[in-house]
Amino acid sequence: MSNIKNLEDFIGLHLIYTYDNGWNYEIYVKNEDTIDYRIHSGMVGGRWVRDQKVDIVKLVDGVFKICWTEPTGTDVSLDFMPNENKLHGVIFFPKWVHEHPEITVRYQNDFIPLMEESREKYETYPKYVVPEFGTIFYTKNEGKNNEKVISEAPYEGMIDKMVSGELSFS
Ligand SMILES: C=Cc1ccc(O)c(OC)c1
């Protein structure tokens, strides 16, 4: 991967990474204000989301922040340093997601009303805050608005197929 310096280099990236707590996540920076993502393991492993609106900025050369709030009430702030294969993420889970994660483990796009009624039905506070460093082990530029990158649910062995190139999107 050539040097990722500016926003134009960062947008279009498909990244797979492991947080230091062992959780495996995958993100596709679809365009200037949109991400798709899959969660492969961890508290909400199996969840996947398309067209999440986000704020994306370049902090300094090679350092980028993506932040957003979700229909579940979960808030997320991710700091990526792709040239160092490193990120730091903070996930601010409402109490209900920590206590009933299974409600969120699905293709969220088909279940927005369920997320909205759950966030009203259950408690938000105290929040469960997860600050973690992570290691990026896969980086590929798939171009902007590539609907093939995140188009199916995560499954066992999917990461290996993407890393090996058996599963590709170009
Ligand atoms: C809660 C969603 C969430 C949290 C941490 C992440 O690194 C992420 O990447 C797509 C998504």
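Me: In which strand is Tyr138 found?

Reply: This is a predicted model, where local features need pLDDT of at least 70, side-chain atom pairs count only at pLDDT 80 or more, and totals for chains, interfaces and linings use all residues. Residues are numbered from 1 along each chain as its sequence is written, while side-chain values use heavy atoms and leave out hydrogens and water. Helices (H or I, at least four residues) and strands (E, at least two) are DSSP runs, numbered from the N terminus. Tyr138 falls within residues 128–141, which form strand E9.

Me: Is Tyr138 buried or exposed?

Reply: Buried means under 20% relative accessible area, exposed over 50%, and partly exposed in between (1.4 Å probe, protein chains only). Because its relative accessible area is 11%, Tyr138 is buried.

Me: Which residues does Tyr138 touch, not counting residues up to four places away in sequence?

Reply: A contact requires heavy atoms within 4.5 Å. One partner, Ile16, lies 122 residues from Tyr138 in sequence, yet their C-alpha atoms are 5.1 Å apart. With that limit on sequence neighbours, Tyr138 touches His14, Leu15, Ile16, Met162 and Val163.

Me: How many helices and strands does the protein have?

Reply: From the N terminus on, the elements run α-β-β-β-β-β-β-β-β-α-α-β-α. The protein therefore has, in total, four helices and nine strands.

Me: What is the radius of gyration of the protein?

Reply: This radius is taken over C-alpha atoms, and the globule rule is 2.2 Å times the number of residues to the power 0.38. For 170 residues the rule gives 15 Å, and the protein is close to this, so it is as compact as a globular protein of that length. The radius of gyration is 15 Å.

Me: Which strand gives the most residues to the largest nonpolar core?

Reply: A nonpolar core is a set of buried Ala, Val, Leu, Ile, Met, Phe, Trp, Tyr and Cys residues joined through side-chain atoms within 4.5 Å. The largest has 34 residues, and Phe10, Tyr17, Ile66 and Phe80 have the most contacts inside it. Elements giving two or more residues to this core include strand E2 (24–31), helix H2 (95–99) and strand E1 (13–19). With four residues, the element that gives the most is E1.

Me: How many residues are in the other core, which has Tyr138 among its members?

Reply: This other core lies apart from the largest one. Trp48, Tyr107 and Ile159 are among its members, as is Tyr138. Its number of residues is 12.
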